[in-house]
Amino acid sequence: MSADAARASRPLVLGIDASTQSLTALAIDPEERAVVARESLGYDRDLPHWGTRGGQLPADDPRLGRAPPAMWAEALDAVLGGLARRLADRAGGSLASVGAVSVAAQQHGSVCLRAGADRALRELDPARPLAAQVEPLLARAVAPIWTDASTGAECRAIREALGGRAGAARRTGSDVFERFTAPQIRRFATRDPAGWEATGTVTLVSGFLTSLLLGAGAPLDHGDASGTALMDLATRQWLPEALEATAPELLRRLPPLVHPDTVVGTVSRFFIERHGLAPGCLVIAGTGDNPASAIGLGMVAPGDLAVSLGTSDTCFALIEEGRVDESGQAHVFVAPTGDPMMLLCARNGSLARERVRDTYGLDWHGFARAIETTPPGNQGRLLLPWFEPEIVPRLERPWVERLGGLDERDPAASCRAVVEAQMLSLAEHARPLLGGLPGRDDGEPDRPRGRMLATGGAAANPAVVQVIADVFARPVEVLDGTDAAALGAALRATHAWQRELGHLASWPETTAGFTDRAGALVEPSPGCREAYAPLAAMLREALRRIR
Ligand code: XUL
């Protein structure tokens, strides 16, 4: 056997990420620690007959966020076909070498399947496309997704049943948010009782796609279930008070809950005959894209923290057991390691940076220069960056304000001021869950900390990364997170598969070689804690005033 052929027949693992706008599959070789094939499809561009824009269906009401689940099924079918061809091009490889597969997907979205869908899934015809066979199984042709903001009234009702913001956060890990699954189910069951009656199973996007792979109803993992507002974070069981406040006879419609590291079965005949997967290929419980990304970025120990700078900025971290944010801004989900993880999502990310950059007619290079020519802490000046309504902090209306005498005619100070305000806001809102951040007043001693990562488009800008290191007072590694969720899914599948084979690989052993640092560590500047304490206090004061 040639070296190429030998490599092509080595066991592979598959990770699939169904994100808002695209579906991506990665095949990895866990032994060689390499991604061996990638296939990706964008819904708008590659499946235009569904009529989506940005992966969702256009709607007159801007608060609605909807997508057709049958489109995700078609994407899965197409991407696996494409991936099989790519592997064949690689010295005759095939999906038959795949030992395990797992799905990551956009969080919170709910898919309603008709009673009896289980049997139909088992009997899918491999000679026919998947989407056409899945469509009749849907009790609701569209799924609400995480961009939906139409459920304010439903959130209030469920929040009240859970004892208000703090009560909801204590019980479920988060306050009840519009995009979370429980208020979405409540809205559907109330407005379309016949549709609810016809629903045999209500599952998440990750659970839906995992069910397709299994040819049977798949359990949900604790990670994705923690974004439903229906799971008791302490016991990791469905929470009776939340079920009752959401919809009648909900429990019998919900899948069972499992630890993220669970093998839930093997792939169905459809995928064996249509795409050439092996009969014994294991299916690992699916999870949300954020928990999967944590693994895909190599965040495997409590204290590991990442800031991802994109259209929206997110900050996530593995945290200690038992912490929640009773003010209801930050979420606590369950990470694939089983540890709790914090997630903060700020909408005014690159948009706000671009607004300020464009005001002064700069390009990104000029924006970086502006930051470099001003000192950390910006001599006490800050620019509140909420050009659009914000998620964290919760703001229904835009709020842009220059503080500490920041002069509009000063481009350099303004560029630094917007980035510092964004990072300070993330740090400030992470504080109840992390402790030990600049300007803290919780009196906690410094504890040993893990890795801190920066990823996403703006992390390519060294001046911005330096601000992150300074504000968080931690050395920062820059990582390319483009396929973090799909890679995380593949690494989760690897971990669970090895466990099934009796190899108890640790998480650092599983991720090593895939998520290691590429570049140099960016160290915090000397004196940054002192420089940011007054700004952190100024931001806290502004937040009190705004609320
Ligand atoms: C997280 C959230 C989004 C989606 C995006 O709470 O709503 O990050 O998971 O795919």
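Q: What share of the contacts in the protein chain with a separation of 6 or more comes from residues 24 or more positions apart?

A: Keep in mind that this is a predicted model. Here, residues 24 or more positions apart account for 73% of those contacts.

Q: Okay, and what do I compare the radius of gyration of the protein chain with?

A: You hold it up against a compact globule with as many residues. For 547 residues that globule would have a radius of gyration near 24 Å, and the chain has 23 Å, so the two agree. The C-alpha trace spans about 70 × 60 × 45 Å along its principal axes, and 60% of the residues count as buried.

Q: How many helices and strands are there?

A: The protein chain has 21 helices and 22 strands.

Q: How do I read a pair of packed helices?

A: Two packed helices are described by the angle between their axes and the distance between the axes. Take α17 (residues 411–434) and α18 (residues 462–472): their angle is about 45°, and their axes lie 10 Å apart. That angle is neither under 35 degrees nor in the 65 to 115 range, so the two helices are oblique to each other. Their crossing is right-handed.

Q: Which residues make the contact?

A: From α17 come R416, V419, E420, M423, L424, L426 and A427, and from α18 come V464, V467, I468, V471 and F472. Sorted by class, that's ten nonpolar, two charged and no polar residues.

Q: Is helix α8 mostly covered or mostly exposed?

A: Mostly covered: in α8 (residues 181–191), eight of the eleven residues are buried. Among them are P183, I185, R187 and F188.

How values were computed:
Residues numbered from 1 in each chain as written. Predicted model: local features only at pLDDT ≥ 70, side-chain atom pairs only at ≥ 80, totals over all residues. Heavy atoms only, no water. Axes fitted to C-alpha atoms, helices over the stretch in contact; angles between N-to-C directions. Helix = DSSP H or I, 4+ residues; strand = E, 2+ residues; numbered from the N terminus. Parallel < 35°, antiparallel > 145°, perpendicular 65-115°, else oblique. Left-handed = near helix turned anticlockwise from the far one by under 90°. Contact = heavy atoms within 4.5 Å. Nonpolar A, V, L, I, M, F, W, Y, C, P; charged D, E, K, R; others polar. Buried < 20%, exposed > 50% of the residue type's maximum accessible area, 1.4 Å probe, protein only. Rg over C-alpha atoms; globule rule 2.2 N^0.38 Å.
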